Amino acid sequence: MDFGWSEEQQEFRRVAREFAQREIAPYVADYDREERFPAEIVRKAAELGFAGGIVPTEYGGSGLDYLTFAALIEEISRTCHAVACALTFPSGLVGSSLLRYGTEEQKQRYLTPLAQAEIFAGAGVTEARSGTDVSDMDTTARRNGGDYVINGAKMWISFLGAASFFLTFAHLGVDERTGRKRICAFIVEKDRPGVSVHPLKNKYGFRPLETGELVLEDVRVPVDALVGEEGQGFEIAMNSVESGRLGVAARAVGLAQACCDVAVGYARERRVFRQPIGKFQLVQEMISDMVCGTESSRLLTYRLAYLKDHGQRARDAASMAKMVASDNALHAATNAFQIHGAYGVSDEYPVARYLRDAKIFQIVEGNNQLHKALVAEAHLGMR
Ligand SMILES: Cc1cc2nc3c(=O)[nH]c(=O)nc-3n(C[C@H](O)[C@H](O)[C@H](O)COP(=O)(O)OP(=O)(O)OC[C@H]3O[C@@H](n4cnc5c(N)ncnc54)[C@H](O)[C@@H]3O)c2cc1C
């Protein structure tokens with residue numbers, strides 16, 4: 001596997017790193033504390049083509065390959081994974097569903113402005129009762145004349161404040177032949193009557209993402225709000241899991257790298273017992289574990305990107321990258337916190353934020369127990 005970074009890719013990465021240091025680093029602690037989504041920063045990033053991701057240029061995107069996309073997300077996440085998350089949206093569930101299943105009109109109207117961060121979107125998949133089992137959702141849709149009427153509620157939905165529309169899912173009842181719910185994907189604009197959003201306050205982590213409940217009460221949408229065909233919703237949701245997991249893995253690698261950066265800096269400077277703490281072998285062990293874990297995560301993430309760039313099926317590789325990178329991010333954040341001693345507790349250093357955020361990476365985009373099972377089942381020939 002030859003990643004063969006071109007000069008152009010390396011330059012793109014360097015520009016992303018400098019952008020993050022200049023435009024994000026001075027503000028991230030404040031907007032994280034305020035639980036505010038920094039839309040203005042994402043818009044600035046979009047001016048450099050960072051929101052366009054893998055979306056083709058004809059739809060306002062940047063037409064990146066997956067490897068460059070992963071490197072971009074990693075670099076931004078090294079400073080703030082929430083900004084990086086917003087930059088993954090046009091390439092993730094919302095954008096790639098519109099790209100693959102949307103009509104030309106849907107692409108022009110929603111995908112193009114999304115890829116340029118002129119508007120933001122949310123992905124309304126998870127529900128309170130069914131959780132990880134998306135196929136068992138309760139939200140319903142029924143045909144009524146030229147419209148669909150949607151009823152239900154989605155939970156843990158991000159970008160509730162910033163989004164002007166949601167790609168969300170509802171079912172038309174159970175298919176008697178298969179016994180499965182006939183799930184459909186819909187574009188639902190936030191200003192439609194019956195749509196209300198309720199962000200949770202004082203979340204443990206991922207604080208700038210405005211996550212909470214999306215309520216859909218007798219929401220009437222026209223038939224052209226349907227993405228793909230009736231009953232195709234589950235396929236649509238699953239279609240983008242590999243790129244969704246690539247985005248999360250790259251964000252987790254960026255966060256883990258940030259932990260390595262601050263831990264190394266602190267271990268060099270902090271002196272107790274008349275020597276830098278980096279001279280203690282047990283501190284060195286923590287740093288070595290962090291560096292090795294982060295490099296392994298990075299390689300699995302790039303491998304996933306490489307497989308996608310070469311048109312290969314990557315379900316297994318996606319689970320591995322997401323699981324290993326998020327487990328490592330938590331491990332790295334725990335060690336970075338430990339190396340900072342009491343100062344880790346203080347707001348003066350970013351390690352408490354890293355630790356809070358790192359935990360959540362193990363839960364989103366499929367919990368890590370699910371991924372562990374998927375990897376095992378694939379290798380046991382059960383899938
Ligand atoms: C900050 C944040 C932002 C989010 N943003 C979005 C968003 O924008 N859009 C969206 O749709 N969703 C979003 N989610 C939801 C997220 O992606 C998860 O799908 C959701 O949290 C999982 O549902 P649950 O919490 O009900 O977990 P449950 O399904 O109840 O699972 C609980 C635990 O049970 C175990 N478990 C569950 N299933 C299995 C299995 N198959 N095998 C083994 N163990 C299992 C795991 O340990 C798991 O952690 C977000 C969540 C968070 C925390």
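This briefing walks through the domains, the ligand surroundings and two local spots of the structure above. The model is predicted, so please read the values below as computed from it. The chain is assigned three stretches: domain 1 (7-120), domain 2 (121-232) and domain 3 (238-379). A ligand is present, with 17 residues around it, and at least three of these residues come from each of domain 2 and domain 3.

**How the domains sit together**

- Between the C-alpha centres of domain 1 and domain 3 there are 21 Å.
- These two domains touch: 24 residues of domain 1 are in contact with 24 residues of domain 3.

**Around the ligand**

- Ala 123, Thr 126, Thr 132, Trp 156 and Gln 369 come nearest to the ligand among the 17 residues around it.
- The backbone takes part here: a polar backbone atom of Ala 123 is 2.8 Å from a nitrogen atom of the ligand, and a polar backbone atom of Val 125 is 3.0 Å from an oxygen atom of the ligand.
- A side chain joins in as well, with an N or O atom of Gln 369 lying 2.8 Å from an oxygen atom of the ligand.
- On its own the ligand has 990 Å² of accessible area, and the protein covers 64% of that.
- Two elements each give two or more residues to the shell around the ligand, namely β3 (147-157) and α13 (368-379).
- By residue type, the shell is made up of nine nonpolar residues, seven polar ones and one charged one.

**Helix α7 and what follows it**

- Helix α7 spans residues 104-115, and its buried residues are Gln 106, Lys 107, Tyr 110, Leu 111, Thr 112, Pro 113, Leu 114 and Ala 115.
- The cover over these buried residues includes one helix, α6 (93-101), along with the strands β1 (120-124), β4 (163-174), β5 (181-189) and β8 (226-227).
- Just past the end of α7, Ala 117 has a positive phi of about 60°.

**Ser 240, a loop residue**

- Look for Ser 240 in the loop that links α8 (233-239) to α9 (241-269).
- Is Ser 240 buried or exposed? Ser 240 has a relative accessible area of 3%, which is under the 20% cut-off, so Ser 240 counts as buried.
- Leaving aside residues up to four places away in sequence, Ser 240 touches Gly 92, Leu 93 and Ser 96.

Terms used:
Residues numbered from 1 in each chain as written. Predicted model: local features only at pLDDT ≥ 70, side-chain atom pairs only at ≥ 80, totals over all residues. Heavy atoms only, no water. Near = heavy atom within 4 Å. Polar contact = N/O pair within 3.5 Å; in protein donor to acceptor, adjacent residues only side chain to side chain. Areas by Shrake-Rupley, 256 points an atom, 1.4 Å probe, with all protein chains shown as cover. Helix = DSSP H or I, 4+ residues; strand = E, 2+ residues; numbered from the N terminus. Nonpolar A, V, L, I, M, F, W, Y, C, P; charged D, E, K, R; others polar. Domains from an automatic or database assignment. Buried < 20%, exposed > 50% of the residue type's maximum accessible area, 1.4 Å probe, protein only. Contact = heavy atoms within 4.5 Å.
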